[in-house]
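Open the model in a viewer and keep the sequence panel visible. The stops below go from charged pairs to the nonpolar interior.

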Amino acid sequence: MLWICSILLAACSEETQLRQVPLENADGAGIQQSVAVDYVTKLGLIQGHLWVAAQLVEAGLFELGAKHAKHPAQEVYQELRPFFLAVGSQGFAAELEAMSGQFTASSTAEFQVSYQAAMAAIDLIIAGVELTDADRLRVAQALIEQALTEYRAGVIAGEVADLQEYQDARGFVEVAEIFVANNQDNDQRGSLLATLQAAKTLWPSLNPQQPLGADDSALVAVLAALRATQDEGS
């Protein structure tokens with residue numbers, strides 16, 4: 001039975017810690033669903049970072065973008081190796097590496113190609129995990145929980161105190177929206193997407209030059225809606 005390596009976990013940040021549980025079911029038939037959801041959440045966190053990086057590159061903010069592209073490789077990717085082994089995936093280290101040297105004005109086009117390749121590679125891995133609607137909402141909820149944590153660290157009294165945390169939060173909301181949009185329940189999907197759209201107003205820009213003048217209540221509302229949906233389905 002495959003176990004998540006505690007050494008890998010210790011090397012990663014507290015915000016992305018996984019439970020130390022077996023990757024396989026007791027009968028060895030496959031990955032436990034709860035663990036699969038945890039790993040897909042980690043893939044979502046990486047996509048959130050990369051989405052922010054791409055947005056910043058598009059805006060010509062190459063140095064800021066580079067921080068987000070390197071962050072997931074350093075803090076999250078190592079934790080995914082047992083998962084890749086369990087599902088027979090090669091991962092996407094090559095795609096991340098291709099992006100690493102493309103944060104200049106002269107390589108913007110190349111960056112976009114590498115970015116799309118990395119996102120597609122992650123999408124392909126996620127597609128290979130059999131997620132139910134409830135699973136997708138659990139992933140979305142975990143991403144929003146992390147977004148709220150990052151937002152509260154990044155924005156204090158309406159002022160941006162930590163720009164990178166503020167940006168991280170926006171990326172996680174973007175990816176959470178994708179998981180909600182892939183929900184097959186039309187009623188749930190429409191209501192949740194509306195609350196997510198409202199929450200996006202917390203980010204008038206990824207590099208704001210003025211005080212934000214807003215609190216995190218719109219993001220709290222998204223989390224409450226996701227939790228209520230989970231309670232209804234339990």
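Are E174 and R170 buried or exposed? Select the two residues in this predicted model: E174 is buried, and R170 is buried as well. Their side chains form a salt bridge, with N and O 2.9 Å apart. Both residues belong to helix α8 (residues 163-181). They sit four residues apart there, about one turn of the helix. Now add E177 and K200 to the selection; together with R170 and E174 they make up a network of salt bridges.

**Next stop: helices α7 and α10**

Select R227 and E145. This pair is another salt bridge, and its closest N and O atoms are 3.4 Å apart. Since R227 is in helix α10 (residues 217-233) and E145 is in helix α7 (residues 133-154), the bridge ties together parts of the chain 82 residues apart in sequence. Show the surface around the pair: R227 is partly exposed at 40% relative accessible area, and E145 is partly exposed too, at 30%.

Stay on helix α7 and select R152 with D216. Here the closest N and O atoms of the salt bridge are 2.7 Å apart. R152 is in helix α7, while D216 lies in the loop between α9 (186-199) and α10; the two are 64 residues apart. Which of these two partners is buried? D216 is, with a relative accessible area of 17%, which falls under the 20% cut-off for burial. R152 has 47% relative accessibility and counts as partly exposed.

To place these pairs in the whole model, note that the salt bridges number eight in total.

**Last stop: the nonpolar core**

Hide the charged pairs and select L43, L50, F92, I144, Y151, F179 and L219. The largest nonpolar core has 66 residues, and these seven touch the most other members. Which helix supplies the largest share of this core? Colour helix α2 (residues 33-58) to find it: 15 of the core residues come from there.

Finish by centring the view on F179. Leaving out neighbours within four places in sequence, what is F179 in contact with? Its partners are V40, I126, L131, R136, V139, A140 and L143. Show these as sticks; R136 is one of the residues on that list. F179 can also be traced back to the first stop, as helix α8 covers residues 163-181.

Notes:
Residues are numbered from 1 along each chain as its sequence is written. This is a predicted model: local features need pLDDT of at least 70, side-chain atom pairs count only at pLDDT 80 or more; totals for chains, interfaces and linings use all residues. Side-chain values use heavy atoms; hydrogens and water are left out. A nonpolar core is a set of buried Ala, Val, Leu, Ile, Met, Phe, Trp, Tyr and Cys residues joined through side-chain atoms within 4.5 Å. Buried means under 20% relative accessible area, exposed over 50%, partly exposed in between (1.4 Å probe, protein chains only). Contact means heavy atoms within 4.5 Å. A salt bridge is a side-chain nitrogen of Lys or Arg within 4 Å of a carboxyl oxygen of Asp or Glu.
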